Protein chains: 2
Amino acid sequence: MRASNYLFSTLRDAPTDAVVTSHQLMVRAGMIRQISKGLYTWLPTGVKVFRKVESIVRDEMEKAGALEVIMPGVQPAELWQESGRWQKYGPELLRLVDRHGRDYCLGPTHEEVITDLSRNELTSYKQLPATFFQIQTKFRDEVRPRFGVMRSREFSMKDAYSFHVSPESLQETYDVMHQAYCNVFDRIGLDYRPVLADTGSIGGAYSHEFHVLADSGEDDIAFSDASDFAANVELAEAITLKEKADPATQDVTEVFTPDCKTIQKVAEFLTLDVSKTVKTMLVKGVDANENSTIVALVLRGDHTINELKVEKLDGIVSPFEFADEDEILTHIGCAPGSIGPQGLKEKGIRIIADRSAAVMSDFCAGANKDDYHVTGLNWERDCPDFEVADLRNVVEGDPSPDGKGTIVIKRGIEVGHIFQLGQQYAEALNATVLNENGKAQVMHMGCYGIGVSRIVAAAIEQNFDDKGILWPESIAPFDVAIIAMNYDKSDAVRTECDRLYSELKAKGLDVLLDDRKERPGVKFADCELLGIPHRLVVGDKGLANNTLEYKNRTQGENQDINTDNAVDFILSLK
Amino acid sequence: MRASNYLFSTLRDAPTDAVVTSHQLMVRAGMIRQISKGLYTWLPTGVKVFRKVESIVRDEMEKAGALEVIMPGVQPAELWQESGRWQKYGPELLRLVDRHGRDYCLGPTHEEVITDLSRNELTSYKQLPATFFQIQTKFRDEVRPRFGVMRSREFSMKDAYSFHVSPESLQETYDVMHQAYCNVFDRIGLDYRPVLADTGSIGGAYSHEFHVLADSGEDDIAFSDASDFAANVELAEAITLKEKADPATQDVTEVFTPDCKTIQKVAEFLTLDVSKTVKTMLVKGVDANENSTIVALVLRGDHTINELKVEKLDGIVSPFEFADEDEILTHIGCAPGSIGPQGLKEKGIRIIADRSAAVMSDFCAGANKDDYHVTGLNWERDCPDFEVADLRNVVEGDPSPDGKGTIVIKRGIEVGHIFQLGQQYAEALNATVLNENGKAQVMHMGCYGIGVSRIVAAAIEQNFDDKGILWPESIAPFDVAIIAMNYDKSDAVRTECDRLYSELKAKGLDVLLDDRKERPGVKFADCELLGIPHRLVVGDKGLANNTLEYKNRTQGENQDINTDNAVDFILSLK
């Protein structure tokens, strides 16, 4: 591409509504423009990156044996009514009415359409397993679209769906797709983690998210520094290597702790480490007779409660709910900041200690009396009747739950999600095949999504500097830029640039020849902002010695290379 | 692709609502499935063809210097209000409201969005000319979607838009795009014609349609058998090579023609050729003082009136309207079937003769008296005061208006349309650039559309037989099919098929290996229905003599080829 025929649309400043780096840089680098809240036009530089991501995704889907289909963006309400989601799905589902008054929606996802297709086209177990994918524009009417194409209303997704006669077959394809996803992100060249995830609103039994690690990510990912283990912080199991508490060495002592409303204040006041304290929280529960009760949860002072884990325990109300101040006063006789485990059992309150809290000794807790705490508390001696469970979020330094290494926590941007949906949609839409015995059997389904446009933004969040984007080579808009100094005036420069341009193009490289009548500074800045990995500068001065100047976007200094070797040199870097 | 892993979804019968061949064959060949009126899912075989068409279109656009963008499918009402089309566009524009109550539409076309983009990104004449294209899903809420993907509601289009400082620059890009369109259809391998067209509702000054010739086409295309001339029948100029009428040889004779309500009946009754008669029609006009008048149009009996041409004449009411029977009776004193030119002038009626009618002699016409005609009529002698104009549709055998060859008329399917829009949209949206003198100047625009999904259907309409589709090689879903006889049972067959499959794939061919446990008849039928251009049959019988059987889908007989030569043989055909 000759720059004189190209649309740069680079900007010095980002729009004020762009708060994340990728949004700022995508606008500044002339990749996208907003035309309405959450609706973007992709400009040429954006499209070039987008197509490269799309092409890697398509290729890996095909290698994984998935067959490409294209489903309509506009979907009939009937299918969504059949699955039950027409009512359940909130206002993110953009509903519309055609000229004949029939109801449709703009598809945010395609489970209904593919299940309908499959119940018609798949009739025998012999056709299974079958996996279909599409790369398509989706629409989600976000209440607050933000972060550019990271959370836009219209976006491009690769979604795939697999159909099976058994959970075992589903697991096999799930594993193949898991690997295909790893291949996609490996090929693009991103630092990512497949993360065990909650299944959320799509439902189903088992799922992984694929996160690109970046400080700006919206999710906290806990992963091992020594193994493949990775999970959303909310789902990661918190374990402790200590098997039991040390023997008691202190007596219980009641201490006056005035104005200490938080556990940090208490620890400070008593010059204790927070990890030597516990916090006791009362939550609503139900007993064996389905009567409302209060349950005490005890965590180490420096840990935080994980509501998802608590909700899943027997005898706890879901959704999770704290007891209010009145209830605490009635049951315990103090304010929330002074509760402790000692003596609660005698009041008929069930106690559940987090695994880490349960192995503490000589610890500090509330005294169940306003403005008082106790120190030297020990479980076995002072309140032996308690249960143990995983109640908390993991923290960095925790042992990895797979027994290998230590937990590290980083922020991640979700760019992919794979699910074992099971039979939920197939049952709702009665999608059956004849099995080996000639009997109709509901199919098992998997679904697998990748945010194609989101990957573009996530790649930037992970790869940028103060000058602009640092693209992984696989998805850079151009492989190499040739920056011509005085292209219009110098015959030597023009001849050499044209030669390099056509030879590099002939080798299959995506080349930008900057032949514009602009100052060198403008050309360098655009080249850096666009994140083109390799840069050649061609000027009369160098040509006098048969040299060009090479610079890598991410590393190293300028280096002179002989014009005769330039093409081979660039090829050797690829 | 191994057939055992593929989704054929072939059907013996087409659905009853499929009335055109391409719709029938696309459903039968497992290319598409309707999910709601005018909304289709493309199955794997359909997608493969679609992607090949898309890839040729994209490649030719890039070669023509167009830059790819992706504009949103959902467009804000504000832009359409600015262009004035929010009100003007009928119910084919699907309007919708988002969760915040804001108005949007599903884009049937993108003039507004691209003009908005360009007024922001293009600021100087130095950036022009600039051409942008996208390949995108569009939505048109057709009142009666039909013919499968040929007239569906959701469809894929390549649309391009160019921006210029002058009409001359627009003409240059228009010519480049015209050539790019020819390249697309040449590369696909279709019999097509670029056709001078009416500009219709999009507006603008100059336009060409690209038609794929096929009997099932909705448009009549007139083209020369000896030159590039081609035009919609409605727009083709009708000329006559005869410069003036022959001298009169007969006297005017009034003849009784009872019950002859049509010109055919009259000719039959008088044993005359219809081409020796004229028909005279009265239409509404206005005189120089803007008063309503009646105008007589005279055409040769075997010609048909072209309302578009008549409307464009001075003094004729537009839209075109015939005089009603009462008016005819009042002015002429007879019923419509008995009007003739003689004596009309004396009644104050303006007479316009079609060019072909104007050079007739000794002809037959109505006598302006019920049930009577006259024969032996001659213009100069009997009704000399008349005007001459082009009033009629061309017919086969007419001389081509460019003076080269003779008109042939065939039916065409419109698959592309290029327009010189001029300044209409740029003016409405105030899309200006600074010109060489530093003054703001409204840009000139061109727009260029290709129906990507429609090309797939049109290619079938032009290429099929009673067994199925006859794809042009460039867009066939597979280049070659290897049909295995007893793949599961014969080691020799399996080994040879696998060898061929991997060797042909390694040469870059798209290969289908039919390894299914199906009867040979089923495999042959699927292969023919899908229109795979080359077929190799591998069976034990042939392998005993080291031969395979080759068959071309469109021509020739089965032929035996040596297994050792098979790969080279197939490559030699490409």
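Which residue's side chain does D116(A) meet in a salt bridge? I opened my notes with this pair, working throughout from a predicted model.

**Entry 1: helix α5 of chain A**

I found that the side chain of D116(A) meets that of R119(A), with N and O 2.9 Å apart. Both residues belong to helix α5 of chain A, and they are three residues apart, about one turn of the helix. I noted the general rule that an α-helix has 3.6 residues a turn, so residues three or four places apart point the same way.

I then looked up whether each partner is buried or partly exposed. D116(A) has a relative accessibility of 12%, under the 20% limit, and therefore counts as buried. R119(A) stands at 22% and so counts as partly exposed.

Next I examined the helix as a whole. Helix α5 covers residues 111-121 of chain A, and nine of its 11 residues are buried, so the rest of the structure largely encloses it. Among the buried residues I listed E111(A), V113(A), I114(A), L117(A) and E121(A).

**Entry 2: chain A in outline**

I recorded 17 helices and 30 strands for chain A. Its C-alpha atoms fill a box of roughly 95 × 70 × 45 Å along the principal axes. Of the 574 residues in the chain, 56% are buried. I also looked up how far apart in sequence the contacting residues are: among contacts in chain A between residues at least 6 apart, 68% join residues at least 24 apart.

**Entry 3: salt bridges in chain B**

I noted a total of 93 salt bridges over all chains. In chain B, I looked up two of them.

The side chains of R2(B) and D515(B) meet at 3.7 Å, N to O. R2(B) lies in the segment before α1, and D515(B) in the loop between β27 (511-514) and α15 (520-530), so this pair ties together parts of chain B that are 513 residues apart in sequence. With a relative accessible area of 25%, R2(B) is partly exposed. D515(B), at 10%, is buried.

K138(B) and D159(B) form a salt bridge with an N to O distance of 2.5 Å. This pair links strand β7 (residues 130-139), which holds K138(B), to strand β8 (residues 154-164), which holds D159(B), across 21 residues. I found both K138(B) and D159(B) to be buried.

**Entry 4: aromatic rings**

How many aromatic pairs are there over all chains? I recorded 30. For Y6(B) and F478(B), the ring centres are 5.4 Å apart and the planes stand at 75 degrees, so I entered the pair as edge-to-face. Y6(B) is in the segment before α1 (21-28) of chain B and F478(B) in the loop between β25 (468-469) and β26 (480-484), so the two rings tie together parts 472 residues apart in sequence. Both Y6(B) and F478(B) are buried.

I also looked for charges over rings in chain B. The charged end of R95(B) sits over the ring of W86(B), 5.0 Å from the ring centre. K369(B) lies over the face of Y372(B), with 4.4 Å to the centre of that ring.

**Entry 5: F185(A) and the nonpolar core**

In chain A, I found one aromatic cluster formed by Y181(A), F185(A), Y192(A) and F210(A). F185(A) appears again in the largest nonpolar core, which has 212 residues; F185(A), W471(A), F185(B) and W471(B) have the most contacts inside it.

Which residues does F185(A) touch beyond its neighbours within four places in sequence? I listed L190(A), Y192(A), F210(A), V415(A), I450(A) and I455(A).

**Entry 6: where chains A and B meet**

I recorded 51 residues from chain B and 52 residues from chain A in the contact. The area buried between the two chains is about 4,400 Å², and carbon and sulfur atoms give 62% of that area.

How many salt bridges are there between chain B and chain A? The count is six. I looked up the bridge between R153(A) and D98(B), whose closest N and O atoms are 2.8 Å apart.

My last search was for a network of salt bridges. I found one that links R51(A), E54(A), R58(A) and E68(A) with R51(B), E54(B), R58(B) and E68(B).

Definitions and conventions:
Residues are numbered from 1 along each chain as its sequence is written. Chains are lettered from A and ligands numbered from 1 in the order in which they are written. This is a predicted model: local features need pLDDT of at least 70, side-chain atom pairs count only at pLDDT 80 or more; totals for chains, interfaces and linings use all residues. Side-chain values use heavy atoms; hydrogens and water are left out. Buried means under 20% relative accessible area, exposed over 50%, partly exposed in between (1.4 Å probe, protein chains only). Helices (H or I, at least four residues) and strands (E, at least two) are DSSP runs, numbered from the N terminus. Rings of Phe, Tyr and Trp (its six-membered ring) pair if their centres lie within 6.5 Å; planes under 30 degrees apart count as stacked, over 60 as edge-to-face and the rest as tilted. A charge sits over a ring if NZ of Lys or CZ of Arg is within 6 Å of the ring centre and within 35 degrees of the ring normal. A nonpolar core is a set of buried Ala, Val, Leu, Ile, Met, Phe, Trp, Tyr and Cys residues joined through side-chain atoms within 4.5 Å. Contact means heavy atoms within 4.5 Å. Buried area is the accessible area (1.4 Å probe) that two parts lose on being put together, summed over both. A salt bridge is a side-chain nitrogen of Lys or Arg within 4 Å of a carboxyl oxygen of Asp or Glu.
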